[in-house]
Amino acid sequence: MTLEMLYSKIHRATVTDANLNYVGSITIDKELIEASHLKVGQKVEVVNINNGERFTTYVIEGRAGQKDICLNGAAARKAHIGDKIIIIAYAHLNENEIQTFKPTVVLVDESNAMVEVRDYI
């Protein structure tokens with residue numbers, strides 16, 4: 001048996017752009033992708049702190065150092081520029097993996113600069 005557990009999250013990121021006419025996804029700064037151990041194309045859940053919306057999309061790599069968090073396609077309707085979001089990825093772990101796995105939590109400031117990277121919830 002496996003359980004779906006927290007793999008990684010970027011906590012309280014600020015939406016910097018919303019592009020309705022782009023093929024759906026979320027563009028994330030390459031540095032944030034690397035720090036959070038996300039993969040391009042990986043399924044993520046996005047939680048909008050401002051309005052309570054929750055939706056699923058996939059990761060697209062943005063330019064390193066730009067601090068971009070851009071919602072694309074239909075997801076652009078779920079948040080406004082300036083909204084705070086949490087980007088969450090899960091992994092299926094077996095009982096042995098659960099005992100040793102440590103999720104990655106990336107905390108960012110108002111401009112999406114990394115403040116802290118944790119290996120615990």
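This passage looks at two annotated residues and at the nonpolar core of a predicted model.

A good place to begin is the annotated site. In an unreviewed entry, UniProt lists Ser25 and Tyr58 under "active site". The two span 34 residues in sequence, yet their C-alpha atoms are no more than 5.1 Å apart, so they gather at one spot. Each sits in a strand: Ser25 belongs to strand 3, which covers residues 25–29, while Tyr58 lies in strand 5, residues 54–62.

Their surroundings can be described in turn. Ser25 has a relative accessible area of 0% and is therefore buried. Apart from neighbours within four places in sequence, Ser25 is in contact with Thr57, Tyr58, Ile60, Cys70, Leu71, Asn72 and Ala75. Tyr58, in turn, is partly exposed, with a relative accessibility of 33%. With neighbours within four places again set aside, the contacts of Tyr58 include Ser25 itself, along with Val23, Gly24 and Ile26, and also Gly41, Gln42, Lys43 and Val44.

Attention now turns to the core. In soluble globular proteins, nonpolar side chains tend to be buried together. Here, the largest nonpolar core holds 25 residues, and Ile10, Ile26, Ile28, Leu38 and Ile87 touch the most other members. At least two core residues come from each of several elements, among them strand 1 (2–14), strand 3, helix 1 (30–36) and strand 5. Strand 7 provides the largest share, with 5 residues.

Ile28 offers a closer view of this region. Not counting residues up to four places away in sequence, Ile28 touches Ile10, Ile33, Leu38, Val59, Ile60 and Ile87, as well as Glu61, Gly62, Asp68 and Ile69.

Key:
Residues numbered from 1 in each chain as written. Predicted model: local features only at pLDDT ≥ 70, side-chain atom pairs only at ≥ 80, totals over all residues. Heavy atoms only, no water. UniProt positions renumbered as here; feature names shortened; annotations may be inferred. Helix = DSSP H or I, 4+ residues; strand = E, 2+ residues; numbered from the N terminus. Buried < 20%, exposed > 50% of the residue type's maximum accessible area, 1.4 Å probe, protein only. Contact = heavy atoms within 4.5 Å. Core = buried A, V, L, I, M, F, W, Y, C linked by side-chain atoms within 4.5 Å.
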